[in-house]
Amino acid sequence: LAALGIAAALLLVASALAASGTPKPGRYSGHVESVYQISFSVSSHGTKITALQTDFQAPCGVLSPKKVITTFPTAAIRNGRFRASKPHGVYTIRGHFSASGVASGTVTGAEKLTGFTKKPTLCKISAPFSAKRASK
């Protein structure tokens with residue numbers, strides 16, 4: 001029975017790794033929660049994400065009436081997965097590429113709210129995203 005359990009665990013790990021794909025180079029675009037936009041480029045070797053940007057706003061305080069674009073530094077792609085953060089962790093994007101080449105994951109916005117209570121309160125909002133390759 002123990003050997004059967006180990007074999008099942010190895011099968012789960014192998015299928016999880018197979019689910020992550022190596023992305024094709026090019027420009028990707030999509031939506032965050034079907035309201036906001038997200039876009040980025042994948043390098044020619046499929047190892048880096050550049051020009052990552054979104055207009056996602058975490059509704060912790062007052063939302064800007066204007067479209068605010070948040071840009072992120074270059075992020076490494078490892079085993080089909082990536083993570084990018086703004087300095088000080090205000091916005092973080094975590095994602096992965098499926099075997100079909102679609103990128104999906106979560107955008108998280110965090111902000112310390114002050115003035116409402118004696119101690120600052122951390123407001124953290126996450127939303128799912130999905131992006132497809134738009135061009136080479």
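**A quick note on the aromatic residues and the core**

1. Let's start with one residue: Y28 has a relative accessibility of 1%, so this tyrosine counts as buried. Bear in mind as you read on that this is a predicted model.

2. Now for the general layout. The chain has 1 helix and 9 strands, and from the N terminus the order of elements is α-β-β-β-β-β-β-β-β-β. Of the 136 residues in the chain, 35% are buried.

3. Back to the rings. There are 8 aromatic pairs in the structure. One of them joins Y28 to F97, edge-to-face, with 5.6 Å from centre to centre and 70° between the planes. Have a look at where the two partners sit: Y28 is in strand β1 (residues 26-32) and F97 is in strand β7 (residues 91-97), so this pair links distant parts of the chain, 69 residues apart.

4. What about F97 itself, buried or exposed? Its relative accessibility is 0%, and the cut-off for buried is under 20%, so F97 counts as buried.

5. F97 has another ring partner worth finding in the model. F40 and F97 also make an edge-to-face pair, at 6.3 Å centre to centre and with 80° between the planes. Here too the pair links distant parts of the chain, since F40 belongs to strand β2 (residues 36-42) and F97 to strand β7, 57 residues apart. Both F40 and F97 are buried.

6. If you want to see these rings together, pick out Y28, F40, F82, F97 and F129: ring pairs link them into a cluster.

7. Which residues have the most contacts inside the largest nonpolar core? They are F40 and F97, and that core has 25 residues. Strands giving two or more residues to this core are β1, β2, β3 (48-54), β5 (75-78), β6 (81-85), β7, β8 (103-113) and β9 (121-135). As background, nonpolar side chains tend to be buried together in soluble globular proteins.

8. Two figures for the whole chain to finish. Take the contacts between residues at least 6 apart in sequence: 42% of them join residues at least 24 apart. The accessible surface of the chain is about 8,700 Å², and carbon and sulfur atoms account for 60% of that surface.

Methods
Residues are numbered from 1 along each chain as its sequence is written. Side-chain values use heavy atoms; hydrogens and water are left out. Rings of Phe, Tyr and Trp (its six-membered ring) pair if their centres lie within 6.5 Å; planes under 30 degrees apart count as stacked, over 60 as edge-to-face and the rest as tilted. Helices (H or I, at least four residues) and strands (E, at least two) are DSSP runs, numbered from the N terminus. Buried means under 20% relative accessible area, exposed over 50%, partly exposed in between (1.4 Å probe, protein chains only). A nonpolar core is a set of buried Ala, Val, Leu, Ile, Met, Phe, Trp, Tyr and Cys residues joined through side-chain atoms within 4.5 Å. Contact means heavy atoms within 4.5 Å. Accessible areas come from the Shrake-Rupley method with a 1.4 Å probe; for residues, only the protein chains shown count as cover.
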